[in-house]
Amino acid sequence: MFPNLDLFGTCYPESGPAGGRDDRGGEQMTLAFSSETEGRFQKLLARYPNRQAALIPTLILAVREFGYLSREAMAYVAQRLEVPHAQVLSTATFYTLLHKRPLGRHHIQVCMNVACYLKGADHLAHHLRERLGIGFGEVTSDGMFSLEGVQCLAACGTAPAIQINDDYHEDMTPAKVDALLDQLRRTSAPAPTQGGDQ
Amino acid sequence: MIASTDPTRGALLRCGPGESIDLARHRALGGFNALRKALAMSPDAVREQVKAANIRGRGGAGFPAGMKWGFLPKDNPKPRYLVINADEGEPGTFKDRYFLEQDPFVLLEGVIISAFAIGAHSAYIYVRGEFVRPIQRLEAAVEELYRAGILGRSVMGSPFALDVVVHPGAGAYICGEESALLESIEGKPGRPRVKPPFPAVVGLFGCPTIINNVETMACVRLVLEHGAERFLAMGLPKDGGPKVYGLSGHVKRPGLYEGPMGLSLRTLIYEYGGGTIDDKPIKGIIPGGSSTPVLRGDQIDVNMDFDSVKAAGSMLGTAAVTVFTEGTCPVAVLTRIARFYAHESCGQCTPCRDGTGWLERLVESIEHGHGRPGDCDLLLSAAGQILGNTICALGDAAAMPVISFVQQFRDDFEEHIRRGACPYGNKPEAH
Ligand SMILES: Cc1cc2nc3c(=O)[nH]c(=O)nc-3n(C[C@H](O)[C@H](O)[C@H](O)COP(=O)(O)O)c2cc1C
Ligand code: SF4
Ligand code: FES
């Protein structure tokens with residue numbers, strides 16, 4: 001059977017994307033895929049006629065494994081795929097979902113495009129900023145939430161729409177958003193402090 | 001009978017919101033009959049059927065699928081690829097997600113038939129990266145077809161072999177443009193290629209490649225199931241078949257609707273969509289995704305097919321209709337659109353890279369009350385300099401809404417500039 005990829009089988013790691021370590025400390029650590037991700041990576045390699053075609057799916061795996069693409073993570077992907085480091089940088093920096101900075105454990109993307117705008121997206125975004133105390137592109141100090149304004153999510157018929165990690169939430173209202181935030185807070189363990197996992 | 005009185009269900013849309021069709025149900029509904037018919041024919045005969053049905057591409061440009069397939073070189077020894085565009089990025093559009101998430105076997109059956117017809121043994125389905133759940137559903141469906149012997153070495157026991165790869169995007173609208181999409185599969189930034197050569201000649205991994213939209217695949221399946229004549233009869237003589245329409249904005253019942261190609265816009269909005277919220281008069285209608293020129297509320301008597309919408313001064317695009325009613329500020333709407341295209345320009349041609357930034361800043365300054373007399377003409381001339389001067393159609397996609405909004409709602413723009421504030425009392429949010 002042709003090996004098919006269960007690319008998104010891993011949910012965000014227990015520690016959440018914020019658990020991905022920051023490379024600002026200058027601390028040298030060696031990244032490596034977990035055995036589960038390694039298995040997915042090997043299947044990826046088998047799917048494409050050349051290794052570079054596996055680059056974007058591999059970078060997605062790396063974001064999911066490490067939380068974001070640090071320089072070290074990009075170097076690791078380059079080495080694993082035997083693709084020039086410059087090629088990895090050039091691709092990684094082109095795509096918005098290949099995050100180059102740590103996110104909150106729950107990454108909230110608010111659609112700001114026309115159909116959502118017509119159904120109150122600006123109001124919803126304002127509400128989220130107030131509730132979380134952060135602006136677009138920021139992370140709450142406890143590492144729990146990050147917020148981003150995004151373009152059309154292809155949920156215009158059920159606008160306004162937001163995406164939290166892998167899931168869409170549609171026909172949103174400030175009250176529904178509040179209920180979601182409460183639920184996420186209740187069901188998540190406290191976020192690890194920086195570099196604290198494992 | 002395939003025609004259904006319920007406009008939300010029928011030939012293309014087989015289930016409503018919250019429902020989905022699994023493999024057993026697909027089989028029960030006559031699934032794979034079309035594929036079986038195709039496999040019993042020669043690839044040439046399948047291509048002839050598709051050509052006769054004149055399926056106009058559902059990705060936005062309306063180029064006939066059969067004709068595109070005909071551009072494949074006859075004597076090139078390289079492998080051929082079929083690539084399905086499920087990037088669904090054009091703002092307002094949300095139809096392809098339905099197939100991935102709720103009815104993937106319709107898409108996959110269309111893919112297998114099309115690959116057989118063009119002689120491809122690998123098909124890639126490129127799905128935007130935000131669609132994590134739809135990708136999971138589609139991947140699971142692909143796995144099921146391998147297990148059922150419908151994909152793999154021998155499709156339904158025939159000598160035809162086909163592999164399907166679901167390839168994720170990673171957040172870039174430009175990757176919906178077909179050559180950028182190919183670059184993206186190859187692991188590169190999504191920068192459109194200069195054409196010619198066209199992908200049918202030099203496409204994925206340098207090989208002849210056909211790129212089609214998800215809904216186009218669903219149409220191919222219908223053509224094989226019912227024949228080209230029946231398919232044409234479901235729409236117009238030159239633009240056949242049923243069509244998925246998206247309805248969003250200020251309507252009572254937004255969502256996806258199926259109707260014949262050429263459905264009247266009035267019927268779509270007032271009958272299918274239940275009319276406008278609070279029964280307000282319509283101010284503007286974006287008929288086919290945010291790049292298509294805006295129509296005024298009084299231009300509602302147009303039929304939704306490629307030629308009629310074009311004659312009305314706009315484009316059918318993805319038939320993703322966004323309605324806004326009186327009281328909505330057109331400057332605010334255009335600001336969102338201009339911001340989008342400026343954000344999504346890949347940056348490799350100057351008129352687009354710089355021009356979209358100019359348009360965004362100009363429209364935004366008007367929205368924020370800093371517009372100056374003459375700005376409307378400046379907008380028209382800046383947009384006019386992008387039109388036709390770029391490598392790909394994103395440049396035009398950015399320019400057309402600006403030109404049409406200024407032309408259709410010039411009074412609103414001028415009033416905005418004169419007052420230094422929104423005549424509708426909008427207070428723009430900081431971004
Ligand atoms: C900027 C840009 C974005 C596009 N986005 C999409 C898209 O998201 N989905 C799609 O099917 N076609 C999109 N297209 C059109 C494709 O380039 C291509 O024409 C289409 O996928 C062909 O399929 P079809 O012939 O079946 O319609 C886009 C084109 C441009 C210029
Ligand atoms: S028109 Fe814009 S998006 Fe298209 S190739 Fe040029 S810069 Fe890139
Ligand atoms: S405009 Fe928000 S989902 Fe399309």
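**Exercise 1.** Which residues does A:Leu69 touch, not counting residues up to four places away in sequence?

*Solution.* The structure is a predicted model. Take contact to be heavy atoms within 4.5 Å. By that criterion the partners of A:Leu69 are A:Leu59, A:Ala62, A:Val63, A:Met74, A:Ala92, A:Leu98, A:His99 and A:Lys100.

**Exercise 2.** Place A:Leu69 in the largest nonpolar core, and state where this core lies relative to domain 1 and domain 2 of chain A.

*Solution.* Step one: the largest nonpolar core has 87 residues, and A:Leu69 is among those that touch the most other members, together with B:Tyr124, B:Val333, B:Leu379, B:Phe405 and B:Phe413. Step two: domain 1 (7–94) and domain 2 (106–187) of chain A each contribute residues to this core, so it lies between them. Step three: another core, of 82 residues, lies apart from it and includes A:Ala159, B:Ile21, B:Ala65 and B:Val111.

**Exercise 3.** Decide whether the radius of gyration of chain B agrees with, or departs from, that of a compact globule.

*Solution.* Chain B has 431 residues, for which a compact globule would have a radius of gyration near 22 Å; the value for chain B is 22 Å, so the two agree. Its C-alpha atoms fill a box of roughly 70 × 45 × 35 Å along the principal axes. In chain B, 63% of the residues count as buried. The chain has 17 helices and 11 strands.

**Exercise 4.** Describe the shell around ligand 2 by residue and by class.

*Solution.* The ligand is surrounded by 13 residues, the closest being B:Cys346, B:Cys349, B:Cys352, B:Thr390 and B:Cys392. Sorted by class, the shell holds 8 nonpolar and 5 polar residues, and no charged ones.

Note on methods. Residues are numbered from 1 along each chain as its sequence is written. Chains are lettered from A and ligands numbered from 1 in the order in which they are written. This is a predicted model: local features need pLDDT of at least 70, side-chain atom pairs count only at pLDDT 80 or more; totals for chains, interfaces and linings use all residues. Side-chain values use heavy atoms; hydrogens and water are left out. A residue is near a molecule or strand if one of its heavy atoms lies within 4 Å of it. Ala, Val, Leu, Ile, Met, Phe, Trp, Tyr, Cys and Pro count as nonpolar, Asp, Glu, Lys and Arg as charged, and the others, Gly among them, as polar. A nonpolar core is a set of buried Ala, Val, Leu, Ile, Met, Phe, Trp, Tyr and Cys residues joined through side-chain atoms within 4.5 Å. Buried means under 20% relative accessible area, exposed over 50%, partly exposed in between (1.4 Å probe, protein chains only). Domain bounds come from an automatic or database domain assignment. Helices (H or I, at least four residues) and strands (E, at least two) are DSSP runs, numbered from the N terminus. The radius of gyration is taken over C-alpha atoms; the globule rule is 2.2 Å times the number of residues to the power 0.38.
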